[in-house]
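Okay, thanks for squeezing me in, everyone. Have a look at the sequence and the model on the screen, and I'll talk you through the parts I'd like you to see.

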Amino acid sequence: MREHDAFGPATMRRGRRKFDDDDADFVKTGKLEPALAEDPDLPETGDRWSTWDGALHGPHPRPDWVRTEYGAVDTELGMLKTGKEADVFLVRRAVPGTDQLSMIAAKRYRDGDHRLFHRDAGYLEGRRVRRSREMRAMTNRTAFGKELIAGQWAAAEFGALSRLWQVGQEGGTISVPYPVQLIGTELMLEFIGDWETGEAAPRLAQVRTDRDGLEDLWRQMTDALSVLARTQIAHGDLSPYNTLVHQGRLVIIDMPQIVDLIANPQGAEFLARDVRNVASWFTARGLTVDADGLIERLSYEAGLL
């Protein structure tokens, strides 16, 4: 049974570091900005009514823990992570008077005045919008263009997670958080961790295990990379810092920069970089891996050779 299949009241342990990455600034507590919580008809408990109604929903078959009731209430429990492109918050969505609840990681991409766009160009190659005005705005990094790019990051991650979650359900060789919903630049995802304490699963970079454990994690990593290649996409920024390990299961996260291996002229370079980033971590811990051989095999599976 998964850890959050039997859950009780969720609280966060203050002062404990949660969901983090390699080059972000972290805080211990925080509140979601009330961009979607200005409805004067607020619930008696919690911070806002569920935003399920009106959102773009995740794929089927939908997990039974996803709360779709219109009467559900969202309670914001604090900030999990702050990064370059987005901030992530922990949200409890529950139906008042019942034990029906879910724990969600709410990822909010920043607007054009706060986000950093120094890495956008390479990732955005191969992505197009229908209207030439919008394409020009994105290319010229106008305020409007940056808003469009932020929306593209959120939509790209939602689309990639939806696709990969379905693949994982069918084949079981890749694990990603279930994408619950998308509204504008707010992406709500399955929280990977302890639902009772609010403690996020550790990053791969934080994991200490024996050789058998390393070999199993490497097998899971190569399986996941193979799924990505056969789907003709690359993570684009894969590393031990955006991979979680939950109850022995490797979970790939943070996919806004997903790369189309065929449409993007740098696709093969992104694929190779992903492999080398994770292979170097395993190599540094004494595991012998053939990164070049893996890159060649994945390139073949992706149709690049």
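So, one bit of vocabulary before we start: I'll say two strands pair if DSSP finds at least two bridges between them. With that in hand, strand S4, residues 86-94, pairs with S5 in the antiparallel sense, over nine bridges. And please keep in mind that what you're looking at is a predicted model.

Let's stay with those two strands for a moment. S4 and S5 make a hairpin with six residues between them, and in the turn Gly97 has a positive phi of about 80°. If you want a register marker, take Arg93: its bridge partner in S5 is Ser102.

On its other pairing, S5 is joined by five bridges to strand S7, residues 186-190, and those two also run antiparallel. The marker here is Lys107, whose bridge partner in S7 is Leu187.

Now, how many of the residues of strand S5 are buried? Nine of its nine, over residues 101-109. In a regular strand, side chains alternate between the two faces of the sheet. For S5, both faces are covered: on one side you have Leu101, Met103, Ala105, Lys107 and Tyr109, on the other Ser102, Ile104, Ala106 and Arg108, all buried. Yes, that list of buried residues includes Lys107 and Arg108.

Zooming out to the whole sheet. Seven strands form an open sheet with antiparallel pairing, and the order is S1-S3-S4-S5-S7-S6-S2. At the edges sit S1, residues 48-49, and S2, residues 56-57, each pairing on one side only. S1 is held to strand S3, residues 73-82, by two antiparallel bridges, and Arg48 has Asp74 as its bridge partner in S3.

For the chain overall, there are six helices and 13 strands. Of the 305 residues, 54% count as buried. The accessible surface comes to about 14,300 Å², with 48% of that belonging to carbon and sulfur atoms. And if you take the contacts with a separation of 6 or more, 67% of them are between residues 24 or more positions apart.

Next, the aromatics. We describe a pair of rings by the distance of the centres and the angle of the planes. The count comes to five aromatic pairs. In one of them, the rings of Trp65 and Tyr178 have centres 6.1 Å apart and planes at 85°; edge-to-face means planes over 60 degrees apart, so that's what this pair is. Which parts of the chain does that pair tie together? Trp65 is in the loop between S2 and S3, while Tyr178 is in the loop between helix H3, residues 143-171, and strand S6, residues 179-183, so the parts it ties together are 113 residues apart in sequence.

Tyr178 is in a second pair too, with Trp165: also edge-to-face, 4.7 Å centre to centre and 70° between the planes. Trp165 is in helix H3 and Tyr178 is in the loop between H3 and S6, so this pair ties together parts 13 residues apart in sequence.

Are these rings buried or exposed? The cut-off for buried is under 20% relative accessible area. Trp65 comes in at 6%, Trp165 at 7% and Tyr178 at 0%, so by that cut-off they count as buried. Ring pairs link Trp65, Trp165 and Tyr178 with Trp195 into a cluster.

While we're in the loop between H3 and S6, have a look at Ser175, which sits there as well. Ser175 counts as buried at 17% relative accessibility. Setting aside neighbours within four places in sequence, Ser175 is in contact with Arg249, Leu250, Val251 and Ile252.

Last stop, the helix packing. H4, residues 211-230, and H6, residues 291-301, have axes that come within 8 Å and cross at roughly 30°, and the crossing is right-handed. On the H4 side the contact residues include Trp218, Thr222 and Leu225; on the H6 side, Leu294, Arg297, Leu298 and Glu301.

H6 packs against H5 as well: H5 covers residues 267-284, the angle is about 145°, and the axes are 10 Å apart. That crossing is right-handed too. H5 contributes Leu271, Ala272, Val275, Arg276 and Ala279, and among the H6 residues in contact are Leu294 and Leu298. Those two H6 leucines are also in the contact with H4.

That's my tour, over to you.

Technical notes
Residues are numbered from 1 along each chain as its sequence is written. Side-chain values use heavy atoms; hydrogens and water are left out. Helices (H or I, at least four residues) and strands (E, at least two) are DSSP runs, numbered from the N terminus. Buried means under 20% relative accessible area, exposed over 50%, partly exposed in between (1.4 Å probe, protein chains only). Contact means heavy atoms within 4.5 Å. Accessible areas come from the Shrake-Rupley method with a 1.4 Å probe; for residues, only the protein chains shown count as cover. Rings of Phe, Tyr and Trp (its six-membered ring) pair if their centres lie within 6.5 Å; planes under 30 degrees apart count as stacked, over 60 as edge-to-face and the rest as tilted. Axes are lines fitted to C-alpha atoms, for helices over the stretch in contact, and angles run from 0 to 180 degrees between N-to-C directions. A crossing is left-handed if the near helix is turned anticlockwise from the far one by less than a right angle, and right-handed if clockwise.
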